[in-house]
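Here are some exercises to work through with the model open in your viewer. Try each one before you read its solution.

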Amino acid sequence: MQDESGKAAPGSPAVVGATAQNSPHLNGHTVAHNGHNPTATPAPPPQVESPTPTVTIPREQWDGKYEFLLSCIGYCVGLGNVWRFPYLCYRNGGGVFLIPYFIMLFVTGVPLFLMELSLGQYGAAGPITVWKCCPLLKGIGIGMLCVSILVCLYYNVIIAWTFYYLGSSFQSPLPWSCEAIANAALCGNNTSGNKTLSPTEHFWNERVLGVVNSEGLHDPGPVRWPLALCLLAAWIIIFLCMLKGIRSSGKVVYVTATFPYFVLIVLIIRGATLEGSLQGITFYLTPKWSRLANAQVWNDAASQIFYSLGIGVGGLLSMASYNKFDNNVIRDTLIITIGNCSTSFFAGFAIFSILGHMAWRKGVDVENVADTGPGLAFVAYPEALALLPGSVFWSILFFLMLFMLGIDTLFGNMEGITTAVMDEFPQLRGNALHKSLFLGALCFCFYLMGLLLVTDGGIYWFTLIDSFSTSFGLIIITLFMCIGISFFYGVNQFCQDIIDMICHCPPWCTKMLLYFKACWVFFTPFLLLLILTYIFIEMYNTPLHYGKYVYPRWGKALGVCMGATCCLQILIWAIVALSKETGTLKDRFQKSIRPLNSWRVNNLNSARRTEERMEPERVEAPFTVTLTDMDFTAMRWEMGSEA
C-alpha cells in the first residue's frame with residue numbers, strides 16, 4: 001500500500017518490516033522512527049547484551065617523591081662511581097678530565113636522562129608499551145630489554161664477589177694480608193725483590209676466581225661452588241626485595257642508597273689522616289692539559305656518563321612510570337644527574353687518599369698501585385685497607401658499601417625487565433601469585449645462566465659481556481630514541497607534554513626546555529654519532545684482552561653479536577610495524593609513526609587529564625518514555641502535511 005507520492009503508507013507492511021530491526025522500544029510499544037505505533041500491539045523488548053567493561057588493573061605508584069629520588073640515585077650511583085671514574089680521571093689528565101666529563105654530562109647525559117624520565121612518566125608504561133607514542137620504534141624498547149638482560153646477567157656476579165669478600169673480612173687477620181700465615185712466603189718473596197703475585201692478587205686470582213686453572217674462553221672449567229652459593233644468596237636477596245614491586249624496593253632504598261654516602265664520608269675522613277694521602281689526591285687531580293686533544297679522553301667521558309647514569313637500559317623509564325603524573329621531572333633530572341656525578345668526584349678522594357697511603361708505605365708511585373674495574377675494587381683497595389689499623393672493620397665497611405651500591409643498580413635493571421613484561425601481560429600485575437612465580441622464575445633463570453661466570457674461566461666471559469653489552473648497541477638505541485622522539489613524535493609535542501605534566505611550570509623550567517630542545521634536535525644526536533664512529537674504529541683496531549690473555553677472533557665476534565642483537569631489534573620491529581599497516585610504503589610509514597589512540601589516555605593517575613582527554617561514557621540500554629494519544633495524533637498530522 002502506497003500513498004500518492006509513491007511512498008509506503010504508514011502502517012503498511014513495508015514500513016513495519018523496514019523499521020522492525022532498528023526501531024527503539026518505548027514502554028512496551030514498538031515505535032517507528034517517526035514515532036507512530038503502527039500495530040499498537042505490545043512487544044517484549046529484545047535481549048540487549050550489555051558491553052563487557054574493560055578491566056583496568058591499577059598501576060602502582062611511589063608512596064612519596066623521596067622513594068623515587070632515592071631509587072634513581074641508588075640506580076645511578078653504582079660500582080662505576082667507585083672503581084671506574086677515579087681511574088679514568090687520573091688516566092685522562094687528572095682534573096682536566098672534568099672538562100669533557102661535564103660537557104658530555106650537560107650535552108648528552110642530562111638531555112637523554114630527562115627524555116627517558118619524561119617518556120616513562122607521561123606514558124605511565126614500561127620500555128616496550130611506552131612506544132605506543134610511535135609504534136615504528138617499538139624495537140627500541142625490545143633492545144633496552146636485551147641490554148638489561150645482559151647487564152643483570154653479569155652485574156649480580158659482582159655482588160657475589162662482594163659477598164665472598166664480605167664473608168672473608170670477618171677473619172682476623174684478613175686472608176689477603178701479609179699477616180695471614182698462608183701469605184708469609186708471598187710477602188717474604190716481595191721483600192727480597194722477586195717479582196711474584198702480591199697476597200691480594202693471589203687471593204683474587206686463585207682463591208676467588210680460580211682463573212689460573214683456565215686457559216681462556218674455550219676452557220671455562222668447573223663451577224666454583226663457594227661463588228655459586230654467593231650468587232644464589234644474591235639472587236634470593238634481589239627476589240625478596242622486589243617481591244612486592246616498588247612498595248618493597250622503594251623502602252629498601254632508604255638504607256641502600258644512603259649507606260654508601262656514610263661509608264664514603266668515613267673513608268675520606270680516615271684517608272685524610274693517613275701519611276701519604278696528599279700524594280694520592282695530588283695524583284688524582286693534577287691537570288695534564290695536553291690530554292684534551294686526545295679523542296680517547298672524550299670517548300671515556302661519554303662512556304662514563306652512559307655507564308654511570310644508566311641511560312638506554314630501561315630502568316629509568318620504568319621507575320619514572322610509577323610517578324604521579326604532575327611530578328616535576330625537570331627538577332628530579334637535575335637533582336639525580338648532578339648528585340650522581342658529584343658522588344663520582346667525591347668518591348675519588350676516598351679512593352686515592354688511601355691508595356696514596358699504600359704507595360707511601362711501599363715506597364712506589366701512586367700509578368703503580370692504581371687500577372680500574374675489579375682490579376681496583378678487589379685487589380688494590382683491599383690491599384690498602386689491609387695496611388690500616390683495624391683493617392677488619394674497614395674491610396667490612398668497604399665491602400658492605402660495594403654490596404649496597406651494586407644491589408641498588410640491579411634493582412633498577414630488574415625493574416626495567418619486570419615492568420616491560422607486566423605491561424605486555426597485565427594479568428601478571430593483577431595476580432600476586434603469578435607475579436611472584438614470574439619474578440622467581442626470572443631470578444632462577446638468571447642464576448642458572450650466571451653459573452658460567454663463576455667457573456674457573458668465568459672472568460673471561462664476564463669481561464666479554466661487560467665490554468659489549470653497553471657498547472655500540474647501547475649508543476645506537478639511545479640515538480634512535482633521541483631521533484624518534486625529536487623528529488617522528490615531534491620535539492614540540494614532547495616539550496608540550498612535559499609542560500602538561502608540570503602543572504605550574506616555573507619560568508626557569510620553560511627556559512631550560514629551550515636548551516633541551518636544541519640538544520635533542522641537534523647537539524645530542526651529533527655527539528652520539530661521533531661517539532659511535534670512534535667506538536667502531538677502536539673496536540676494529542684494538543684487541544680485547546684481560547690481563548695478558550688476548551681474546552680470539554671468534555670471542556670478539558661473539559661480543560659483537562651480543563651488541564648487534566640489541567640494536568637490530570629496532571630494525572626487526574620496525575619491519576613488523578610497517579607490515580601491519582596498509583597502503584603504499586609512504587602511507588605505512590606515516591601510519592606507523594602516528595601515536596595509538598590509547599597513548600593519550602594511558603595515564604589514569606591524573607583525574608584532570610582523564611576528564612580532558614576522554615569523552616563522556618555512553619550507556620546503551622533500554623529506556624522508558626510515556627507517550628499519550630496527542631503524541632500519535634501530532635505524528636499523523638505531520639506525516640499528512642509532508643504528503
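**Exercise 1.** How far is the sulfur of Cys519 from the closest cysteine sulfur, and which residue holds that closest sulfur?

*Solution.* Keep in mind that this is a predicted model. Start at the sulfur of Cys519 and look for the closest cysteine sulfur: it sits in Cys482, 8.8 Å away. A disulfide needs two cysteine sulfur atoms within 2.5 Å, so the 8.8 Å between Cys519 and Cys482 is too far for a bond. Next, check the surroundings: Cys519 has 1% relative accessibility, so it counts as buried.

Now widen the search. The structure holds zero disulfides. Cys72 is in none either, with the nearest cysteine sulfur, that of Cys76, 6.2 Å away. Cys72 is at 0% relative accessibility, so it counts as buried.

**Exercise 2.** Find the angle at which helix 6 and helix 9 cross, and work out which residues meet there.

*Solution.* First, pick out helix 6 (residues 138-168) and helix 9 (residues 225-241). Their axes come within 8 Å and cross at roughly 115°. The two helices are therefore roughly perpendicular to each other. As for handedness, helix 6 passes helix 9 in a right-handed crossing.

Then go through the side chains. On the helix 6 side, the residues that meet helix 9 include Cys152, Ile159, Trp161 and Phe163. On the helix 9 side, Pro226, Leu231, Trp235 and Ile238 are among those that meet helix 6. Sort the residues of this contact by type and you get 16 nonpolar, one polar and no charged.

**Exercise 3.** Do the same for helix 5 and helix 15: get the angle, the handedness and the make-up of the contact.

*Solution.* Helix 5 covers residues 98-123 and helix 15 covers residues 329-362. They pack at about 140°, with their axes 9 Å apart. The crossing of helix 5 and helix 15 is right-handed. Helix 5 brings residues including Tyr101, Phe102, Phe113, Ser118 and Gln121, while helix 15 brings Val329, Thr333, Cys341, Ser344 and Phe345, among others. The tally for the contact of helix 5 with helix 15 is 14 nonpolar, five polar and no charged.

**Exercise 4.** Ser118 turns up again here. How many residues apart in sequence are Cys495 and Ser118, and how far apart are they in space?

*Solution.* Begin with Cys495, which lies in helix 21 (residues 472-501). Count along the chain and Cys495 and Ser118 are 377 residues apart, yet C-alpha to C-alpha they are 9.4 Å apart. Cys495 has 5% relative accessibility, so it counts as buried. Setting aside neighbours within four places in sequence, Cys495 is in contact with Leu513, Lys517 and Trp520.

For the whole protein, take contacts between residues at least 6 apart in sequence: 82% of them join residues at least 24 apart.

**Exercise 5.** Is Ser277 buried or exposed, and what does it touch?

*Solution.* Locate Ser277 in helix 12 (residues 277-285). Its relative accessibility is 9%, so Ser277 counts as buried. Leave out residues up to four places away in sequence, and Ser277 touches Gly271, Ala272, Phe352, Ser353, Gly356 and His357.

**Exercise 6.** Which residues of helix 8 are buried, and what follows the helix?

*Solution.* Run through residues 199-209 and mark the buried ones: Pro199, Thr200, Phe203, Trp204, Asn205, Val208 and Leu209. Step past the end of helix 8 and you reach Gly210, whose phi is positive, near 70°. For the wider view, buried residues make up 53% of the 643 residues in the protein.

Technical notes:
Residues numbered from 1 in each chain as written. Predicted model: local features only at pLDDT ≥ 70, side-chain atom pairs only at ≥ 80, totals over all residues. Heavy atoms only, no water. Axes fitted to C-alpha atoms, helices over the stretch in contact; angles between N-to-C directions. Helix = DSSP H or I, 4+ residues; strand = E, 2+ residues; numbered from the N terminus. Parallel < 35°, antiparallel > 145°, perpendicular 65-115°, else oblique. Left-handed = near helix turned anticlockwise from the far one by under 90°. Contact = heavy atoms within 4.5 Å. Nonpolar A, V, L, I, M, F, W, Y, C, P; charged D, E, K, R; others polar. Buried < 20%, exposed > 50% of the residue type's maximum accessible area, 1.4 Å probe, protein only.
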